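Biologist: I would like a close look at a single part of this model. Which residues have the most contacts inside the largest nonpolar core?

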Amino acid sequence: MFTTKLTKRARRTLALATTGGLLATLGLTACGSSTSSSSSSSGGGSLPKVSMMVGGIDKQIYLPYELAQQLGYYKKYGVNMQLSTETSGGVGAETAMASGQVDMAGAWYIHTFDFQAKGKDVISLAQLSGAPGERVMCSKSSGVTTPADFKGKSIGVTDLGSGTDDLIQQVAAHYNLSTAQFHRVGVGEGSTLLAALQQNRIACAITTQPTVSAIEKAGAGTSVLDLSSSAGATKWLGGTWPAAGVLTQNSWVQSHKDTAQKVVDALVATMHWINTHTAADIANALPASYTNNGLITKAVYTTALAQDKGQFLPDGMMPASGPATVEATAKISGVDVSKVKVSDTYTNQYVIAANKLEGFKVSGG
């Protein structure tokens with residue numbers, strides 16, 4: 001029951017090997033890496049332009065990247081941010097970044113281990129969430145109450161080789177299930193994932209808000225495993241699991257230190273804004289299409305965000321125990337981490353400076 005399409009991890013490897021040709025073929029040049037300047041609409045001067053692709057920009061787990069844009073924080077802190085989003089079946093945000101197609105990726109921290117293992121010096125400059133923000137949604141007829149019940153069943157993930165695929169493997173491993181004992185099926189997200197549940201092509205699926213609420217509204221499934229908080233991550237994954245981060249190539253950082261700092265300044269300010277505002281405030285600040293569409297209403301979106309808002313880290317610091325938990329997940333999912341130095345996968349340097357600029361104390365990491 002495995003999908004025969006090219007998996008996300010396979011696409012990532014292929015993209016790294018054939019950077020120019022593949023990505024140009026896929027038509028991603030419009031969001032290419034840029035070190036040029038563009039005019040600031042507010043100040044009349046020039047701001048350094050930065051391109052960032054986000055792994056699903058309208059997902060709640062990734063809302064800080066767009067929120068910073070809507071609040072005007074990128075320009076406030078001195079950068080012209082060009083945001084784009086990965087699309088279902090397309091090249092992942094982290095692949096586009098690692099191949100130089102965009103400067104940064106709004107993607108999961110776990111990808112740093114994959115790239116470091118392949119000799120690609122990718123680093124996380126800031127951590128925006130301390131939990132995956134995911135839930136495993138199962139149909140009422142699935143009989144699944146714990147990961148042990150995955151045995152012999154089909155479990156939907158965004159794509160084979162994706163972060164959700166890694167998570168499912170980690171959760172299953174805690175219950176002594178190998179990948180040979182259940183099926184992982186790439187079902188995308190949103191409406192395609194919902195349809196797979198409704199058509200009984202899968203017993204469960206791992207997904208985020210707002211798809212979680214859409215599944216519940218349609219009566220297609222209920223939440224069995226909650227990974228939306230640090231407590232949930234600790235219960236099902238064995239510890240704090242930092243997810244959404246600001247990923248980039250270390251070589252880009254070294255040649256754009258001032259610009260990198262400006263980006264982190266803007267996002268750290270956004271994280272503090274999230275921490276001091278209500279879910280309704282946040283929903284009101286986002287584009288209307290994110291909060292009210294064919295899948296969900298704004299009221300449901302806001303309720304879901306109020307429940308899951310705790311996943312966001314107020315200061316952008318890497319949780320002290322997080323890297324070890326994520327490293328274990330990477331290892332279980334088949335990444336050779338034996339030569340990866342955990343200290344090379346992230347830095348708190350820019351986050352500490354950003355908090356100092358705002359006059360905030362950091363939580364430590």
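Modeller: Buried means under 20% relative accessible area, exposed over 50% and partly exposed in between, with a 1.4 Å probe and protein chains only. This is a predicted model in which local features need pLDDT of at least 70 and side-chain atom pairs pLDDT 80 or more, while totals for chains, interfaces and linings use all residues. Numbering runs from 1 along each chain as its sequence is written, and side-chain values use heavy atoms, without hydrogens and water.

Of the chain's 365 residues, 57% count as buried. The chain has 17 helices and eleven strands (DSSP runs, H or I of at least four residues and E of at least two, numbered from the N terminus). Taking contacts (heavy atoms within 4.5 Å) between residues at least 6 apart in sequence, 79% join residues at least 24 apart.

To the core itself. The largest nonpolar core (buried Ala, Val, Leu, Ile, Met, Phe, Trp, Tyr and Cys joined through side-chain atoms within 4.5 Å) holds 81 residues, and M52, L63, Y65, L125, F150 and W241 have the most contacts inside it. Helix α12, residues 257–275, gives the most to this core, with ten residues.

Y65 has a long contact list. Beyond residues up to four places away in sequence, Y65 touches M52, V54, Y74, L83, G106, A107, L128, A244, G245, V246 and L267.

Y65 also takes part in the packing of α3 on α12. Helix α3 (residues 63–70) meets α12 at an angle of about 100 degrees, the axes being 9 Å apart (lines fitted to C-alpha atoms over the stretch in contact, with angles from 0 to 180 degrees between N-to-C directions). The two helices are therefore roughly perpendicular (65 to 115 degrees; under 35 is roughly parallel, over 145 roughly antiparallel and the rest oblique). On α3 the contact is made by L63, P64, Y65, L67 and A68, and on α12 by L267, T270, M271, W273 and I274.

A second partner of α12 is helix α17, residues 349–358, which packs with it at about 60 degrees and with the axes 8 Å apart. That angle makes α12 oblique to α17. Here α12 contributes K257, A260, Q261, V264, D265, V268, A269 and H272, while α17 contributes Y350, V351, A353, A354, N355, L357 and E358.

W241, one of the core residues with the most contacts, is also touched by L167 and by I110. L167 lies in helix α7, residues 163–173. Its relative accessible area is 0%, so L167 is buried. Outside four places in sequence, L167 contacts W108, P132, E134, I206, L227, L237, W241 and T329. The C-alpha atoms of L167 and E134 are 9.3 Å apart, although 33 residues separate them along the chain.

I110 sits in the loop between β4 (104–108) and α6 (111–117). Because its relative accessibility is 2%, I110 counts as buried. Its contacts beyond four places in sequence are D166, W241, V326, T329 and A330; T329 is also on the list for L167. I110 and A328 are 218 residues apart along the chain, with 9.8 Å between their C-alpha atoms.

Elsewhere, helix α9 (residues 211–218) has T211, V212, S213, A214 and I215 as its buried residues. They pack against β6 (134–138), α8 (190–198), β9 (204–208) and α15 (298–308). Just after α9, G219 takes a positive phi of about 70 degrees.
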